[in-house]
Protein chains: 4
Amino acid sequence: MAKINAYTTTAPSGGIKYQQVDIKESPGNVSLKPLMTGICGTDRGIVRGSLSFAYDPEGYDFLVIGHESLCVVTDSSSPRFKKGDHVVPIVRRPGDCPNCRIGRPDNCSDGKKHEAGITGLHGFMRESFNEFDYNLVKVNDTDLGDVAVLTEPMKNVVKAFEVFDRVRSRFIFENVYSTFDGKNALIIGSGNEAFLYSFLAKDYGFNTHMINRHPIGMVPTDLCESFGVDFIDSSKEPDFPEDFKLDLIVDTSGDPEAIFRYLRKMSHNGVLILFGTNGKAPATPVSGEDIDFMVERNITIAGSVDAAEIHYLKALDYLSKWNRLHGGLMKKMITNVFQPGEVGLFTTKPEGEIKSVIKWN
Amino acid sequence: MAKINAYTTTAPSGGIKYQQVDIKESPGNVSLKPLMTGICGTDRGIVRGSLSFAYDPEGYDFLVIGHESLCVVTDSSSPRFKKGDHVVPIVRRPGDCPNCRIGRPDNCSDGKKHEAGITGLHGFMRESFNEFDYNLVKVNDTDLGDVAVLTEPMKNVVKAFEVFDRVRSRFIFENVYSTFDGKNALIIGSGNEAFLYSFLAKDYGFNTHMINRHPIGMVPTDLCESFGVDFIDSSKEPDFPEDFKLDLIVDTSGDPEAIFRYLRKMSHNGVLILFGTNGKAPATPVSGEDIDFMVERNITIAGSVDAAEIHYLKALDYLSKWNRLHGGLMKKMITNVFQPGEVGLFTTKPEGEIKSVIKWN
Amino acid sequence: MAKINAYTTTAPSGGIKYQQVDIKESPGNVSLKPLMTGICGTDRGIVRGSLSFAYDPEGYDFLVIGHESLCVVTDSSSPRFKKGDHVVPIVRRPGDCPNCRIGRPDNCSDGKKHEAGITGLHGFMRESFNEFDYNLVKVNDTDLGDVAVLTEPMKNVVKAFEVFDRVRSRFIFENVYSTFDGKNALIIGSGNEAFLYSFLAKDYGFNTHMINRHPIGMVPTDLCESFGVDFIDSSKEPDFPEDFKLDLIVDTSGDPEAIFRYLRKMSHNGVLILFGTNGKAPATPVSGEDIDFMVERNITIAGSVDAAEIHYLKALDYLSKWNRLHGGLMKKMITNVFQPGEVGLFTTKPEGEIKSVIKWN
Amino acid sequence: MAKINAYTTTAPSGGIKYQQVDIKESPGNVSLKPLMTGICGTDRGIVRGSLSFAYDPEGYDFLVIGHESLCVVTDSSSPRFKKGDHVVPIVRRPGDCPNCRIGRPDNCSDGKKHEAGITGLHGFMRESFNEFDYNLVKVNDTDLGDVAVLTEPMKNVVKAFEVFDRVRSRFIFENVYSTFDGKNALIIGSGNEAFLYSFLAKDYGFNTHMINRHPIGMVPTDLCESFGVDFIDSSKEPDFPEDFKLDLIVDTSGDPEAIFRYLRKMSHNGVLILFGTNGKAPATPVSGEDIDFMVERNITIAGSVDAAEIHYLKALDYLSKWNRLHGGLMKKMITNVFQPGEVGLFTTKPEGEIKSVIKWN
């Protein structure tokens, strides 16, 4: 394989370069070019050198970064894909634990899976690469366009709700009419995944609230209005009345203080999904009374990371549905578009960002 | 109904008296006398006045305490029970939420259930009372004897493992041979419920460890040996080697510091059951890295309180099995026996206590 | 209440009239007029007098028929609905069994539920009636239009797939990539519900086949093509090659011969959903080898009837999605439109019918 | 390996010999001798030549028969077993399907697993053989003695109840008190597995009935009495009153006529487990009304075959418990003991047989 341009880092020490690289091995029966690649907190964490678990692929002193990607097939010897197809490559690759063996490396039991662009496997921010067909998900809805770049973050949301569905099977979570009517969900944070979690919570039938410590811009406001999500700027208004109870919380902030503050607002049988990570977030005290609260109310807290192929498929399905139901609004979630070569977006979060992407040619 | 002797408190302010009381209403089609009543941390908490959720029954300025009980039927107009039957009365009584409606007040969605001896309903530490047959569980194994007084604490253990089974359905928890072989469980604490949790963890096939900050006596040591549970006195020995991983933790201490210390030893897909409560336990800091740890490993934390009739039945089954398999050892869990009228046991935990009971005549 | 026009039968003896009736009681805080009511095999069975379980409401010598309905709110004292809202009324009303108590009368344990237009409760084919808000589901997607009349049949499909999801939790049904890719579904029949089942099977990711003993018309062909469903006219072509295996079968025919014929084509871990009913269908022999086949392959057969409010909500969601994704095709499922007063449609199935409806003014 | 004596057949044509065989390969790190081997309907079916799916191991023109076995370790290089340990070898060995990959070859998705003594793998009726430790389950309860030879049939029962628990999660199967009180189970048949199913049904809390077309002897009668199982000889007495309803049926007969006869006695939400196989059993007609019955009542039918290691472990647990609770009765289930070399038991079922075994020296 000839030299190609790629965004690289050195894991776990960090840094970011757009440079020509020579990647000897890129096995796979489908050839790809990226159309659009998204960046997220994990990418910025790797570049900042703050994610100790990241590491370079064996035999390389660099790591091609990038795991959120929408690609086009340039060549294929697989019957499942043909030139011109839009595809999303899967991030995690299985090891040999029981969960990996059944296509659920998102639930890897021993940590021996790999993640493209993160742990020991080159990522997707490079001019071209090959993949095996079983690591690719096809975008069937041609109207979806660029919105398909949100498949990777959305798949996490789908898996987290699967986790919610499983853990809540410990009791009857629904009301006496079999629905979620009257149940309250809170999504902590206002990044792209906070929005996607809010939208899915609405789909479930929750009264859905999104909360953050600062105001949101016009695009987020339009999104919230169109989807019927209630946004709360906790820096300005008291968040909830005294007797208000939460049934579901999804945290996308990774901030212990916020997590435990809202946990104390939970109703009996409440479920808290931990999704956001921020290793540098300051600690918060958790008291004996907090433990008591969780015990007496049968509270469940579930960490949820990554997702499997089935969730990519459902993610595309949700994006497609919302894209049609809410006009062009979903597309506006892509707030900042960069050119290949630009590196500032990896170190500075642009003002008003919901999702920043690199648009490849 | 004539005056009878009873242990009473005033909830939630506390105190304990053994006195004659006049309880006008004791509805039910089965008449009972207690044979043996156990006391636990909740009873002591109520007496100490530290459980704010406790309250007297409507129309009374006192609360008969006691929810762990083994009784004998003295009269019955129910076809399900006859004079001389040994029975265990159920603690929680349903409200009208979806869970209460299906006999699962242990999973009450709105907190409107009642608990005998705790919240708005007279308990079982009185010379006699009536109950409806549907609130009673029969002890069929006559060899069980006094050990049946452990049914109430054991039923909590059975329910907590039901919770474990439900929440772990989010992934394949077992090894590649469908068993728990090679999986490690840790039970924090060394009270009677810590032992019961350890025994059930062994039954599941876990390498089972029990940990506490002080040494245990001869009876506990014999129990641990007979059941194959590994006891660790964390005041003397380092608890676990660096690379040791826990798959299941059950906390019976309510101590945040211990809980989060061992949480950080969890393997991927680890499950932590919160069962112990100690509102006065000092707070511990929970950091961004802790949250990160829980997310990246798909950790689940589940509070679990009380249990339903089905768990009382299974509790009796386990006690019966263990009683036969481990000779007279189960009986030795009843370490301290008191007479009706003695009140010191409510304020001072006897040395070497696993379970203290009052033996009624 | 004044006299109104209604379609009535006498249950279970049958017959059909469009006549003025005097229904004294029509309790409820929302007043409704039907916009469109669908008819199905159950309606025709009642009219034919062949459904022995149907019965008139207490105090009436007739039964207003009709359970598939799209209505408009004409007046409301409920905060949940306002004049002009389009709603779908729920068919089943709970008794007091555990399933009814949690809003799941579709899973009624003792048969003491009621069904509007079928068992002891007046149905929806009348000029006006009242309902309580908790028996109504709102149509939020205004683009859905008449397609919303399919909500009632679609809700059965949603529930049946819930049943499929539950029973298949006994093993890993998915392939080693966590998806349904490569799995084959067969829907037996070609009525409106066969189409809806096929569409949902496609959504799950099944290679989906629909089979019947006669050719289908142009509309059905267009629907199959647009959704990617493979239609097989078993009167003309051999149905499946020798080594072809089915993973999911849904029967909408109620015909034992067809059911067991295709059952014998099932793969290991196959799931057969029984949905269609036809009491008059001739019997088919089931042999010891058939039983052996089901045992050795861990086959599951699950009857599924009716659905709960949550399924109505999801049904609307699917209809809305498919309506947008497949242009005006969904609307074409309403093949035959009749005026109030016409009664022939109850006794004669129109040529080429997918769904026949009565359009109210 | 030297020549050893073994019971052999030629699969699938049948026959039975006790002869010296030369088995070159018997890989494994544990050496075993059989103590007792049970025979069952499958063995007799293979010998009769009526099980077409049986086949000889590759490279052999015979198959060592036998899959129910209790063995003693004669030598071991595995840390998990030592000389003198009693063990039960596992029957099925995994292929590469998703279920096999996680230690559930009992749920094999593609039929590519192997079964010792049945399909392509030599069985356990030979003087000695080797096994890998991961194919062996240790008998820890030394009081169990010969009863441990029932582990293999009992593991099927444990798995079948797991299937019951999974499929019944589609609704609330329990009563409004969370228990099985008032629920009726019927076990069809009176072989050893019928007894084991009855005992486990009692453990669940079912009113348990066992039915067969002929009277049972004294041992079965004692077993039924001790366990509280109601035996019905359907040749003499009418089986159930008109209004009697069954909630769970387990068939061990494989007889379609009996299966569908009792199916028609099922309550709403009834579950029928198919376990018995008898390919030669005559066919029975299944009508449109039968299908209707299953649909309207949400009936579930589940074939269940074999079991995984976890079920062997639980099987030993149940046998141990019942052995202690019911004195020497469990041992009496071994009704007929033969010497190595005797072959008549493979072709003629002894009078009064519950379980026939060969006792090795």
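This is a short talk on how the chains of this model meet and how parts of chains A and B are built.

Please keep in mind throughout that what we are looking at is a predicted model. I will begin with the contact between chains A and B, go on to chains C and D, and then turn to the inside of single chains.

Where chains A and B meet, 51 residues of chain A are in contact with 51 residues of chain B. If you look at which elements of chain A carry that side, you will find that helices H2 (98-101), H3 (151-167), H6 (256-263) and H7 (288-296), together with strands E16 (266-274), E17 (284-286) and E18 (300-303), each supply at least two residues. The largest share comes from H7(A), which brings seven residues to the side of chain A that touches chain B. In terms of residue class, that side of chain A holds 22 nonpolar, 19 polar and ten charged residues.

Part of this meeting is made strand to strand, since E18(A) pairs with strand E18 of chain B, residues 300-303, in the antiparallel sense and over three bridges. To find the place on the screen, go to Thr300(A), which stands opposite Ala302(B) in E18(B). It may help to recall that strands of a sheet pair through backbone hydrogen bonds, and that they do so either parallel or antiparallel.

How are the two copies placed relative to each other? In general, two copies of a chain are related by a rotation about an axis and a shift along it. For this pair, a turn of 180° with a shift of 0.0 Å along the axis lays chain A on chain B, with an RMSD of 0.0 Å. The copies meet through the same surface, because 100% of the interface residues of chain A are also interface residues in chain B.

Let me now move to the other pair. Here 51 residues of chain C are in contact with 52 residues of chain D. On the side of chain C that touches chain D, the elements that each supply at least two residues include helix H3 (151-167), helix H6 (256-263) and strand E16 (266-274). H7(C) gives the most to that side, with seven residues, and the classes on the side of chain C come to 22 nonpolar, 19 polar and ten charged residues.

The strand pairing I would point out in this pair is the one between E17(C) and strand E17 of chain D, residues 284-286, which run antiparallel and are joined by three bridges. Within it, Thr284(C) has Val286(D) as its bridge partner in E17(D). Chain C is superposed on chain D by a rotation of 180° with 0.0 Å of shift along the axis, at an RMSD of 0.0 Å, and the two copies are thus related as by a two-fold rotation axis.

Turning to the inside of chain B, I would like to show one helix pair. The axes of helix H3(B), residues 151-167, and helix H8(B), residues 309-325, come within 8 Å and cross at roughly 105°, and these two helices are therefore roughly perpendicular to each other. From H3(B), the residues that make the contact include Met154(B) and Val158(B), and from H8(B) they include Tyr312(B), Leu316(B) and Leu319(B). Counted by class, this helix contact has seven nonpolar, two polar and three charged residues.

Finally, chain A itself. It is divided into domain 1, which takes in 4-149 and 333-359, and domain 2, which takes in 172-297. The centres of these two domains, taken over C-alpha atoms, are separated by 30 Å. Six residues of domain 1 of chain A are in contact with eight residues of domain 2, and on the domain 1 side these divide into two nonpolar, three polar and one charged.

In chain A there is also an open sheet of three strands, in the order E2-E1-E4 and with antiparallel pairing. Strands E2 (14-21) and E4 (63-64) stand at its edges, each with a single partner strand, so one side of each is left without a neighbour in the sheet. Helix H1(A), residues 41-48, packs on this sheet, where it touches E1 and E2, and its direction makes about 95° with that of E2(A).

One further pairing in chain A joins strand E3, residues 30-39, to strand E5, residues 68-76, in the antiparallel sense over eight bridges, with Thr37(A) standing opposite Ser69(A) in E5(A). E5(A) also pairs with strand E6 of chain A, residues 86-89, again antiparallel and over two bridges.

Notes
Residues numbered from 1 in each chain as written. Chains lettered and ligands numbered in written order. Predicted model: local features only at pLDDT ≥ 70, side-chain atom pairs only at ≥ 80, totals over all residues. Contact = placed C-beta atoms within 7 Å. Helix = DSSP H or I, 4+ residues; strand = E, 2+ residues; numbered from the N terminus. Nonpolar A, V, L, I, M, F, W, Y, C, P; charged D, E, K, R; others polar. Pairing = 2+ DSSP bridges. Least-squares fit on C-alpha atoms with pLDDT ≥ 70 in both. Axes fitted to C-alpha atoms, helices over the stretch in contact; angles between N-to-C directions. Parallel < 35°, antiparallel > 145°, perpendicular 65-115°, else oblique. Domains from an automatic or database assignment.
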